[in-house]
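I opened this entry to look up how the ligand is held and how the strands beside it are arranged. The sequence and structure come first, and my notes follow.

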Amino acid sequence: MTPFAELRIQTPRLLLRPLDDGDADALFAIFSDPAVMRYWSTPPWADTAQALRLLEGEREALAGRRDLRLGLVPHGGDGRVVGTLSLYKINAACRSADIGYALARAEQGRGLMNEALAAVIDCAFDHRPGAPFDDLQLNRIEADIDPRNAASCRALERLGFQREGLLRERWIVAGEVSDSAMYGLLRADWMARR
Ligand SMILES: CC(C)(COP(=O)(O)OP(=O)(O)OC[C@H]1O[C@@H](n2cnc3c(N)ncnc32)[C@H](O)[C@@H]1OP(=O)(O)O)[C@@H](O)C(=O)NCCC(=O)NCCS
C-alpha cells in the first residue's frame, strides 16, 4: 500500500501526483473555464478561494484514503498542473470507486487523459502485494457522465467502460437539468483487455 500523499504515477507524457498548495492558480485556471466546466457537476469557479478550499479538503481526504485526486503534470514543462484525475467515493466494502477527470482546454484532443486514465486504472486494479492500492482490492470503477459530453463518453468507451444505464434528470447545475449516463468498468473487463 502506498499512502495517497506519496503516490506518483509516470506515463510517457505525464507525471501524476497529489496536489499541493502551489497548484491553486493552475487549478483555478482549469476550473474557471466555462468550456472545461460545460458538463461538470458545478458551475465554473468564480473565485480563487474555491481552489484553496478544494486543496484544504484534499489534504483530509488523502489522509483518510477515501478520495484521491492527482494532478497531471506534463514532462519537460514548467511543473504546472494541466488537469486532474480523481478516484473518489472509495468504498472499501464494495471494493469500488468513482472516477472523474478534467483537462485544461489547451491540452485536450491529444489523448492525454486516455494515457492518464489507463495508468491509474492499471494501478487501481493491481492486486499484487506491494501495489499502491493492494489494500483496497478494487473490483469496479464507475463514472457518472452527462450523455451530451461526447468526448468524455468516448474516452471511457475507448478504455472498455460499459454504459450501464441512464439516470434521468439527476443533476441541476445553475438551473440546467441534465441526465447521467452511468459507466462501469470491472476488473475482469480490464484484465481481459490487457
Ligand atoms: C473529457 C476529456 C477529459 C477528454 O480528454 P482528452 O485528452 O481531450 O481526450 P482524447 O483526446 O483522448 O479524446 C477522447 C475521445 O473523444 C473524442 N472527442 C473529443 N472531442 C469530441 C467531441 N467534441 N465530440 C465527439 N468526440 C470527441 C476524441 O476523438 C477521442 O476519440 P478517439 O479515442 O476515438 O480518438 C476532456 O475533453 C475534458 O477535460 N473535458 C472537460 C472536463 C470534462 O468534461 N470532464 C469529464 C466530466 S466527468
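I count a polar contact as a pair of N or O atoms within 3.5 Å, and I keep in mind that this is a predicted model.

Ligand contacts. I looked up the polar contacts and found an oxygen atom of the ligand 2.8 Å from a polar backbone atom of Gly 109, while an oxygen atom of the ligand lies 2.6 Å from an N or O atom in the side chain of Arg 154. For Gln 108, I noted a polar side-chain atom 3.5 Å from an oxygen atom of the ligand. On its own the ligand has 950 Å² of accessible area, and the protein covers 71% of this.

The shell. I then asked which elements give two or more residues to the shell around the ligand. They are strand S5 (96–103), helix H3 (112–124) and helix H4 (150–158), and H4 gives the most, with five residues. By class, I recorded 10 nonpolar, five polar and three charged residues in this shell.

The strands. Following the chain elements further, I found that S5, H3 and S6 make a right-handed β-α-β unit, and that S5 and S6 run parallel, joined by three bridges. S6 also pairs with strand S8 (residues 176–186), in the antiparallel sense and over six bridges. Glu 142 of S6 is the bridge partner of Asp 98, and Glu 142 also stands opposite Gly 184 in S8.

The faces of S6. I noted last that side chains alternate along S6 (residues 140–145), where Ile 141, Ala 143 and Ile 145 point to one face and are buried, whereas Arg 140, Glu 142 and Asp 144 point to the other and are not.

Conventions
Residues are numbered from 1 along each chain as its sequence is written. This is a predicted model: local features need pLDDT of at least 70, side-chain atom pairs count only at pLDDT 80 or more; totals for chains, interfaces and linings use all residues. Side-chain values use heavy atoms; hydrogens and water are left out. A polar contact is a pair of N or O atoms within 3.5 Å; within protein, one must be able to donate a hydrogen and the other to accept it, and residues adjacent in sequence count only if both atoms are side-chain atoms. Accessible areas come from the Shrake-Rupley method with a 1.4 Å probe; for residues, only the protein chains shown count as cover. Helices (H or I, at least four residues) and strands (E, at least two) are DSSP runs, numbered from the N terminus. Ala, Val, Leu, Ile, Met, Phe, Trp, Tyr, Cys and Pro count as nonpolar, Asp, Glu, Lys and Arg as charged, and the others, Gly among them, as polar. Buried means under 20% relative accessible area, exposed over 50%, partly exposed in between (1.4 Å probe, protein chains only). Two strands pair if DSSP finds at least two bridges between them. A crossover is right-handed if, with the strands pointing away from the viewer, the path from the first strand over the helix to the second runs clockwise.
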